[in-house]
Amino acid sequence: MTKVLAVALLDVRRLSFGIASGALVAGLVPALASGLGGKVEIGAVAAVAFLVVGLAAGGAFGADFADGKSSFFFARPLPAGVLIGGRFAALLALAAAAFFSLMASSWISSSDRSGWNPSVLTRFHAELLLSAWALSLFVSLAVAARGRGVRVDGGTRAMLMIPVRLALSMGAFLLVFGLFADLVLRAYFQDSVPVRIFLLSWVAASLVASCLAIAGGRTERGRISRYQGRVMTAHFALVAVVVAAAWTWVLHPGVQAIQRVNTWTWGSSDGRTAYVRAEVDRGDSRTFTPVFVLDVASGQTRRLDADAYQGPWVSADGGTVVWSEATPFFFRPLWRRLGGTTTYRVRTASGDIAPLPMPGKLPDYRSVRDLSNFGAIDWVLPSPDGDVFAIQWNRHLSFTSRSRGELSEIDEWKDRAGLSRGINLQEAAFLPSGELRATRVVRDAGGGQSLAFIDIDPKTASVKTLVSIPADGSLRVQFDLKATRALVTSVTRPGRGALIALIDLSTATDAPKPTVLLKDVLFPQAAFLADGRIAVSNGGSVGAGQKQALKTFSPAGQALLDIPIGEGMAPRLGREMFPGILGASTGTFTDELSLVDCNSGAVLRRLPGLNSPGWFLRNPAPPGTPAAQILLSREGKLYELPSPSAELRLLLPRS
Amino acid sequence: MSDEAVVRVENVSVRYNKQLVVDQVSLEVARGSVYALLGRNGAGKSSLMRCLLGLQKPTSGRVLVFGEDVWRHRARLLARAAYVPETSDAPGQLRVRDVVAFHQSMYPTWDQAAVKARLARVGVSETAMVSALSKGQRALFTLALALGSKPELLVLDDPTLGLDVVARNDFFSDFIGELADRGTTVILTTHDLAGVEGIADRVGILQGSRLALDEEVEQMKIDRGQSLEQIFTELTRGAGGLS
């Protein structure tokens, strides 16, 4: 212990004056900032002070190994461990000196002493101090070990190998870093632990490398350099293996890894498939919820290796699917510059998978600096035959074709005030004619807005407006299967009543008039049934109390049934699970699925804790098909209900 | 190993990358003797000295000090030894008294009074910064530190470097001789052949990284009928050093 203190004292004597002086000056910063109208936290100043202390102490330690000066320690009866321990003790003493100098200076200079307490120090300060010390020691030791230049043996060949080795090293580092960045961005974007472990592992490795180099190299610079190099190479190899393994394991979970099925789950319009977003037993569930493709009848499940929220986008018949393949983000710019294809993929009804024909102006990646999980495309709508794609991206609408390449593009249109607007379609569907029927909100010159129904020719991008209706508030539009009728839900004041109207777009020559189905109803949801009828759920009328109700209307909009299904909040529509039988989630705070027979108005069955996901889908799974019969529980379990009276069959999770 | 050998060097080689600096050197230094290791610049003297103190690991071979491997047991063995490097290794940002205090903590045998007296004798102030000392003062300061622990083995790597002629003569005639009389084993490297001739019991000459000669000084002079300087010149002529 005496020797440890002797070593520490040596370092403290060398550095204390400079560090204490600097800390005294730094302690004035909060007061100075306050005087200038700003605010600087004492904790931030302490962090800077600790950073400086760490760098100074580590640097002084490493510099002692330059030009054989380390014999001062090693030619004495001083074990390497004592030397390192002494220098570490000095670091702590210097940090304490800096902190108390800083706080004393701050106390004297500032009238605001709210931040003046020892708890201003956090774990971050300790990590910062240690990291700065370790990295500074490593670097200064490396510099000391190579201080007189790198000696190259072997002549020209060795000289030529230097850039090769450098390039290989950088390539290896970029590969590992790229994989790690991809892992974090996809699976741990909201969890700092992996990044902290990654960074601290390098700090720890550099500290171990320095300690081994000091103990094993002593005064021999070549050995010091070799020890450092070997430890860091070994650490790099370990990191590479761990990162590659983690990247593979975390980002490629199998169906057994599913722990909880997410509400973003729906049955495909092909009637067979369900797209299931799930929390898995790895990654941060706030960030990482991979999509699985489930064949409901057979139970076969496979993961769709897709970027988050970049698909799957499915055609009206469910035969064509588009998604962005989850290749590592970090390498995408390089990959594209090397002539690689887009990450967006199309799977056609035949099962072939091919690159999505992309708009020429659209890069299918964002800059790595975005550090974003999101791709460049808002949505893709494949035509039923799987040949044409409407792509909305960055306020553009483009049409591309698998057989004909890029067709057309709209990058702006004018509103009624003459202002240029980017493209932001509310709803869109392909017509049998091949045109795209869509809606857009148009701002009027007087400040109001209207909803325009438009048909767009993909070949020419020419736009024909079918009808434009005044429509205030927040709008939701739903087309029926053929896009010949539309349901418009308008909420002007949330919670204070909404209006639901039906618009028949089949008579293109006459300007269609909206038929108001309901108005001043609370929390309404509406959907077309497979036979053309309309179901509307609501929580009762404004002023009439909350009564859960489900109303049905004929295809033309005449009221048919008024089905009371309970008290409390508005029911949430589910899917039409069987022909004429609708799932509706009811209850006040807990889900209870009611199977409602829209023909008789009877509630056939109540299933507590369940709901029927995907009421919002434009192209739902046909009623009676397996994909229409999926149910999701509060606990995140996915079931199939093969018939209204059957037992539930658990689909996911498997374990 | 003879019982009287304080230092035994066994087939030691030192290599820096592909450069062989010390090649298969073996030697012994008897207790209480003065051994002078000579050689031209770059002959490997300093490397051998560092191996001898466990500061550097030989590429091959080993060094036994007090009968134990010095690389493995450096810290324990060096409690009985002291080292004077070619240039002072004391940190320049410290005061002389701080460095002395540090050494006092290192050695249980430390003689503080003797060190103070020696520093006063050579004119080194205890309050002076190490960096402010002249080259000669630093050499004498380093010597004083080495002697403060009353070492059984003293290793000096060209200790008279930077000393003027008078100080150099005093050093060899009095200082080293006195140590030898006290039974301290001394190993030194030097270019001062005249100075060492009178005090060394045995001399080793490194030439071309090998130990070309390892003999008793007096016997060598009798056998060859030449002075140490003549023998050294004859042996090392044409053998270029590294530097």
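Here are three short exercises on a predicted model in which chain A and chain B touch.

**Exercise 1. Describe the contact between chain A and chain B**.

Solution, step by step:
- Start with who takes part: chain A brings 26 residues and chain B brings 29 residues.
- Next, look at the area: the two chains bury about 2,700 Å² between them, with 59% of it on carbon and sulfur atoms.
- Then find the leading trio on chain A: Phe72(A), Arg76(A) and Arg218(A) supply 25% of the area that chain A buries against chain B, more than any other three residues.

**Exercise 2. Find the polar links, and say which helices of chain A help form its side of the interface**.

Solution, step by step:
- Count the links: there are 10 residue pairs in polar contact between the chains, and the interface holds two salt bridges.
- Pick out one salt bridge: the side chains of Arg76(A) and Asp89(B) meet at 3.6 Å, N to O, which passes because the cut-off is 4 Å.
- Turn to the helices: helix 1 (2–26), helix 4 (71–74) and helix 8 (193–217) of chain A each supply at least two residues of the side touching chain B. Helix 1 of chain A gives the largest share, seven residues.
- Sort that side by residue type: 11 nonpolar, five polar and 10 charged.

**Exercise 3. Is chain B as compact as a globular protein of its length, and how many helices and strands does chain B have?**

Solution, step by step:
- List the elements: chain B has nine helices and 10 strands.
- Compare sizes: the radius of gyration of chain B is 18 Å, close to the 18 Å that the globule rule gives for 243 residues, so chain B is as compact as a globular protein of that length.
- Check the interior: 52% of the 243 residues in chain B are buried.

Terms used: Residues are numbered from 1 along each chain as its sequence is written. Chains are lettered from A and ligands numbered from 1 in the order in which they are written. This is a predicted model: local features need pLDDT of at least 70, side-chain atom pairs count only at pLDDT 80 or more; totals for chains, interfaces and linings use all residues. Side-chain values use heavy atoms; hydrogens and water are left out. Contact means heavy atoms within 4.5 Å. Buried area is the accessible area (1.4 Å probe) that two parts lose on being put together, summed over both. A polar contact is a pair of N or O atoms within 3.5 Å; within protein, one must be able to donate a hydrogen and the other to accept it, and residues adjacent in sequence count only if both atoms are side-chain atoms. Helices (H or I, at least four residues) and strands (E, at least two) are DSSP runs, numbered from the N terminus. Ala, Val, Leu, Ile, Met, Phe, Trp, Tyr, Cys and Pro count as nonpolar, Asp, Glu, Lys and Arg as charged, and the others, Gly among them, as polar. The radius of gyration is taken over C-alpha atoms; the globule rule is 2.2 Å times the number of residues to the power 0.38. Buried means under 20% relative accessible area, exposed over 50%, partly exposed in between (1.4 Å probe, protein chains only).
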